[in-house]
Amino acid sequence: MQSSLPSLASIENWPVPTAAAAVVRADGTLAGSHGPTGRRFPLASVTKPLVAYAVLVAYEEGAIDLDEPAGPEGATVRHLLAHTSGLAFDENRVMAAPGTRRIYSNTGFEALGDHVAKAADIPFAEYLRQAVLEPLGMTATSLEGSPAKDAVSTVDDLVRFAAEVQAPRLLDPRTVLDAMSVTYPGLTGILPGYGHQRPNDWGLGFEIRDGKSPHWTGAGSSPRTFGHFGQSGTFLWIDPDARAACVALTDRPFGAWAVEAWPPFTDAVLADLRAA
């Protein structure tokens, strides 16, 4: 469909071969979409919010506890979700004591997948499918490798996920509130692609905008905005103050083009939502 939000059409100007985007309101209605929203794109790290949601389902089902040991010595499921386990970015090496630094870690999310798989006694990709993808009708989404970065999905499917996060049915809304609230506040760390952040605030699997600058969301994004972007040129943000979420998927790796294009795009989307 052509978007009822004119800003979405600006993805045509992005220097990418293919892009698709959509905005979904907190009441689950589609505000607009543009591009091939049914095309499957590699998500890269936009995989992590989906995985975090499945981990939280496992918690609510009683398969795991957020504060039970997981990952390196002294770390818990909560530490892994919040990138505070001390594990390095992409290797199984401990760089800090749990809870002392925000070290963005793919290895930590792989440890989460292993932990849930053992607790549930099924492969994590299958657990994700049963716990999140199937109930939400995300039939075009699959995890094809690492729980940190190897999901493939469509804008249409991620709209379903973004609607769920804004009005939870699979989780208690209080659990989602915890996921979008700062966990271990005040920790410094590096936001990949954007450098050192003081503080570098995260919730449980979701990055929180707060006052970060520079940032991949817009200057007009509320501090409560949370979400994730991926190195495959993808992002998902949810702005509780705007009562809306935006998904954009592309087939060009993240780089200077995204740093330049995404914030004004988000500001234009927010302006359209206010005017609607």
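Me: Which strands form the open sheet of three, and in what order?

Reply: The order is E3-E5-E4, and the pairing is antiparallel. This is a predicted model. The edges of this sheet are E3 and strand E4 (142–143), each of which pairs on one side only.

Me: What makes E3 and E5 a pair?

Reply: Two bridges join E3 to strand E5 (residues 151–153), and the two run antiparallel. The cut-off is at least two bridges, so two bridges make a pair. One bridge can be named: Pro42 has Val152 in E5 as its partner.

Me: Which strands form the open sheet of six, and in what order?

Reply: The order is E2-E1-E11-E10-E9-E8, again with antiparallel pairing.

Me: Why are E2 and E8 called edge strands?

Reply: Strand E2 (30–34) and strand E8 (207–208) each pair on one side only. For E8, the partner is strand E9 (residues 226–230), joined in the antiparallel sense over two bridges. At least two bridges are needed, so E8 and E9 count as paired. Within this pairing, Glu207 stands opposite Gly227 in E9.

Me: How do you know that E1 pairs with E11 and with E2?

Reply: Count the bridges. Seven join E1 to E11, running antiparallel. Four join E1 and E2, also in the antiparallel sense. The threshold is at least two, so both pairings qualify. As examples, Val23 stands opposite Cys246 in E11, and Val24 has Leu30 in E2 as its bridge partner.

Me: What lies between E1 and E2?

Reply: Four residues, and the two strands form a hairpin. Gly28 in the turn has a positive phi of about 90°.

Me: What makes E1 mostly covered?

Reply: Six of its seven residues are buried. For each of those six, the relative accessible area is under 20%.

Me: Which helix lies across strands of the six-strand sheet?

Reply: Helix H5 (residues 155–166) does. H5 lies across strand E1 (19–25), E2, E9, strand E10 (234–239) and strand E11 (244–250). Its angle to E1 is about 25°.

Me: What is the volume of the largest pocket, and which residues are closest to its centre?

Reply: The volume is about 210 Å³. Of the 13 lining residues, the closest to the centre are Val165, Gln166, Val176, Met180 and Pro240. H5, helix H6 (173–179) and E10 each give two or more residues to the lining. H6 gives the most, with three residues.

Me: How does the lining divide into nonpolar, polar and charged?

Reply: There are 10 nonpolar residues, one polar and two charged. Among the central residues, Val165, Val176, Met180 and Pro240 count as nonpolar, because Val, Met and Pro belong to that class. Gln166 counts as polar, because Gln is in neither the nonpolar nor the charged class.

Me: Why is Ala44 called buried?

Reply: The relative accessible area of Ala44 is 13%. Buried means under 20%, so Ala44 is buried. Ala44 sits in the loop between strand E3 (41–42) and helix H1 (47–61). Its phi is positive, about 50°, although Ala44 is not a glycine.

Me: Why is Asp210 called partly exposed?

Reply: Asp210 has a relative accessible area of 24%. The bounds are 20% and 50%, and 24% falls in between, so Asp210 is partly exposed. Asp210 belongs to the loop between E8 and E9. Asp210 is not a glycine, yet it has a positive phi of about 45°.

Me: Why is Asn92 called exposed?

Reply: The value for Asn92 is 70% relative accessible area. Exposed means over 50%, so Asn92 is exposed. Asn92 is in the loop between helix H2 (77–81) and helix H3 (106–120).

Me: What does Asn92 touch, not counting residues up to four places away in sequence?

Reply: Leu87 and Thr107. Thr107 is 15 residues from Asn92 along the chain, with 6.3 Å between their C-alpha atoms.

Me: Where are the prolines of the cis peptide bonds Arg198 to Pro199 and Ser213 to Pro214?

Reply: Pro199 is in the loop between strand E7 (195–197) and E8. The bond joining Arg198 and Pro199 has an omega of about -5°. Pro214 is in the loop between E8 and E9. For Ser213 to Pro214, omega is near 0°.

How values were computed. Residues are numbered from 1 along each chain as its sequence is written. This is a predicted model: local features need pLDDT of at least 70, side-chain atom pairs count only at pLDDT 80 or more; totals for chains, interfaces and linings use all residues. Side-chain values use heavy atoms; hydrogens and water are left out. Contact means heavy atoms within 4.5 Å. Axes are lines fitted to C-alpha atoms, for helices over the stretch in contact, and angles run from 0 to 180 degrees between N-to-C directions. On a 1 Å grid over the protein atoms alone, a cavity is a set of points where a 1.4 Å probe fits but cannot get out, and a pocket is an open set with protein on both sides within 12 Å along at least five of seven lines; lining residues have an atom within 4 Å of a point. Grid points are joined across faces, edges and corners, and a volume is the space filled by probe spheres set on the points. Buried means under 20% relative accessible area, exposed over 50%, partly exposed in between (1.4 Å probe, protein chains only).
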